[in-house]
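Let's take a walk through this one together, looking at which side chains pair up and which don't. Have the model open so you can follow along.

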Amino acid sequence: MPVEITWWGHATCALEDANTRVVTDPLFARRLAHLRRRRGAVPPAEARRADVVLVSHLHADHLHVPSLECFGPGTRLLVPRGAPRAVPGLRRLRHLRITEVVPGDEVRTGGLLVRVVPALHDGRRLPVGPRRSPALGYVVQGEARTYFAGDTGLFDAMAEQVGPVDVALLPVGGWGPYLGEGHLDAGRAARALARLAPRVAVPVHYGTYWPIGMDAVRPHEFHAPGDEFVRLAAAAAPGVAVHRLGHGESVRLEVAR
């Protein structure tokens, strides 16, 4: 059975595997604080359907409570440990089945096993309070093993912690002209790809949101990361098939191990 991946923009992806639908870091807003959606329509109703939703960390462009409210009763929601305490709005989502997780946890849902893996990123709900929750990645195991990196920097033990994967959904940019520590740009993502050695990669987390009033500030940082990743990945990991999707586009993969 093929695995289907749809990129809805930023870090929001839909993964269909083993008759189970997964959505990552849902963000269905035209505007979020100082950010405006510059490319891709707001995802349609079909994007707001899932058996399980994965949240990688507490930043508002990854844990967006109004977007999480859109999912139907009984939807499973995996969040970093401490998230309901740090983000009180989560506690009103009583229609969702919320499970707090940390790296090393494994959760079975539908036909999938979801492994929780570490990420190198500040997972706090900035700028409020000192409470910390871990930033996470997830490996979704069904017909394929799909790694959703969330937000992360490149770290030495990445390949060991993530393990063998068939598909990697890797961030290659951001929502502003400056990427600090704890992020992958196109070059670092290509180096991560060489370490992980999946069969397939899809670049995400770029070319969707941009600060209002900053259209002329290093605009190539908004437009270029996807194509730059394709170019650099071809040199760093030539055996990996890279699919650069447009907003709302899907790829169907036959994964034979």
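Searching the whole structure, which is a predicted model, turns up seven salt bridges. The idea behind them is simple: side chains of opposite charge can pair when their charged atoms come close. Let's visit three of the pairs.

Start with glutamate 16 and arginine 21, whose side chains meet in a salt bridge with an N to O distance of 2.8 Å. How do the two partners sit with respect to the surface, buried or exposed or partly exposed? Glutamate 16 has 31% relative accessibility, so it counts as partly exposed. Arginine 21 has a relative accessible area of just 7%, and because buried means under 20%, arginine 21 is buried. So this pair joins a partly exposed glutamate to a buried arginine.

Next, hop over to arginine 92, which forms a salt bridge with glutamate 69; their closest N and O atoms are 3.1 Å apart. Where in the chain do these two come from? Arginine 92 belongs to the loop between helix H2 (83-86) and strand E8 (97-101), while glutamate 69 belongs to the loop between helix H1 (65-68) and strand E7 (76-80). They are 23 residues apart, so the pair links distant parts of the chain. As for the surface, arginine 92 is partly exposed, with a relative accessible area of 47%, and glutamate 69 counts as partly exposed too, at 35%.

The third stop is in a helix. Arginine 231 pairs with glutamate 228 in a salt bridge, and here the closest N and O atoms are 2.7 Å apart. Both residues sit in helix H6 (residues 225-236). They are three residues apart, which is about one turn of the helix. Glutamate 228 comes out at 31% relative accessibility, so it counts as partly exposed.

Now for the cysteines. A disulfide is a covalent bond between the sulfur atoms of two cysteines. How many disulfides does this model have? The count comes to zero. Take cysteine 13: the nearest cysteine sulfur belongs to cysteine 70 and is 17 Å away, and cysteine 13 is in no disulfide. A disulfide needs the two sulfurs within 2.5 Å, which is why this pair doesn't qualify. Seen from the other end, cysteine 70 is in no disulfide either, its nearest cysteine sulfur being that of cysteine 13. Their surroundings can be described too: cysteine 13 is buried, at 1% relative accessibility, whereas cysteine 70 is partly exposed, at 35%.

Note on methods: Residues are numbered from 1 along each chain as its sequence is written. This is a predicted model: local features need pLDDT of at least 70, side-chain atom pairs count only at pLDDT 80 or more; totals for chains, interfaces and linings use all residues. Side-chain values use heavy atoms; hydrogens and water are left out. Buried means under 20% relative accessible area, exposed over 50%, partly exposed in between (1.4 Å probe, protein chains only). A salt bridge is a side-chain nitrogen of Lys or Arg within 4 Å of a carboxyl oxygen of Asp or Glu. Helices (H or I, at least four residues) and strands (E, at least two) are DSSP runs, numbered from the N terminus.
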